[in-house]
Amino acid sequence: MILALILAGIAVIFACWLLFTLATLALPTFAAISVGLWAHAHGAGVIGALAGGLVAGVLTLLAGQLLFALFRSPLWRLAIALLFALPAAIAGYHAVHGITGMGVESEAWRQALGVVGALFVGGSAWLRLAGGGEVVRRIEQTSPSVG
């Protein structure tokens, strides 16, 4: 019984981590799922749909990071970051609102917690894009500014 409780706790923590990660990457996840479903509907098969979806998601994320690194103008960076952060914030709101529906009866508290979740997930998506990783930092250091 104790082992089942421990495993259930680990499963819940893993599911919350996965939900947070997918919400943070809402735009690339949406691109991957859309291309995968489109490819499957047009006869690519399961493997082709998975490969196409994976490529679309990775390219969407890399394109956002590279554009953010190449453009030095704060307005362009704001636009690119909002393109990634707003869908993530919406996904974070709905994820937290849905999860709190299992244990919080007050709709006002569910709304408030949903807004807090949206702020955290949207901010995390913003930081993930702005952080960019080592490749983007190298591009920022060596490239001339655009915009």
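1. Burial. In this predicted model, 30% of the chain's 147 residues count as buried. Two leucines discussed below, Leu67 and Leu127, fall outside that group: Leu67 is partly exposed, and Leu127 is exposed.

2. Overall make-up. The chain has 6 helices and 0 strands. Followed along the sequence, the order reads α-α-α-α-α-α. The points below take up α2, α3, α4 and α5.

3. Helices α2 and α3. Helix α2 covers residues 26-41. It packs against α3 at an angle of about 150°, and the two axes lie 7 Å apart. An angle over 145 degrees counts as roughly antiparallel, so α2 and α3 are roughly antiparallel. Their crossing is right-handed.

4. Helices α3 and α4. Helix α3 spans residues 45-70. Its packing angle with α4 is about 160°, with 9 Å between the axes. This pair is therefore roughly antiparallel as well. The handedness here is left-handed for the passage of α3 by α4. For a new reader, α3 is a useful reference: it packs with α2 and also with α4.

5. Leucine 67. This residue sits in helix α3. Is leucine 67 buried, exposed or partly exposed? Its relative accessibility is 39%. Buried means under 20% and exposed means over 50%, so leucine 67 counts as partly exposed. Its C-alpha atom is 9.8 Å from that of alanine 81. Along the chain, leucine 67 and alanine 81 are 14 residues apart.

6. The nonpolar patch. Six side chains are worth locating on the surface. Leu75, Leu78, Leu82, Leu86, Trp126 and Leu127 make a nonpolar patch of about 580 Å². Two elements each give two or more residues to this patch: α4 (74-100) and α5 (107-131). Which element gives the most? It is α4, with 4 residues. Helix α4 thus has two entries in this note: it packs with α3, and it contributes to the patch.

7. Leucine 127. This patch member lies in helix α5. Its relative accessible area is 60%. The cut-off for exposed is over 50%, so leucine 127 is exposed. Set beside it, leucine 67 in α3 has 39% and is partly exposed.

8. Where to look. Start with the α2 and α3 pair, whose axes are 7 Å apart. Move on to α3 and α4, with axes 9 Å apart. Then turn to the surface patch, shared by residues including Leu75 and Trp126.

Terms used. Residues numbered from 1 in each chain as written. Predicted model: local features only at pLDDT ≥ 70, side-chain atom pairs only at ≥ 80, totals over all residues. Heavy atoms only, no water. Patch = residues over 30% accessible without salt bridge, like charges linked within 9 Å, V, L, I, M, F, W, Y side chains within 5 Å. Areas by Shrake-Rupley, 256 points an atom, 1.4 Å probe, with all protein chains shown as cover. Salt bridge = Lys/Arg side-chain N within 4 Å of Asp/Glu carboxyl O. Buried < 20%, exposed > 50% of the residue type's maximum accessible area, 1.4 Å probe, protein only. Axes fitted to C-alpha atoms, helices over the stretch in contact; angles between N-to-C directions. Parallel < 35°, antiparallel > 145°, perpendicular 65-115°, else oblique. Left-handed = near helix turned anticlockwise from the far one by under 90°.
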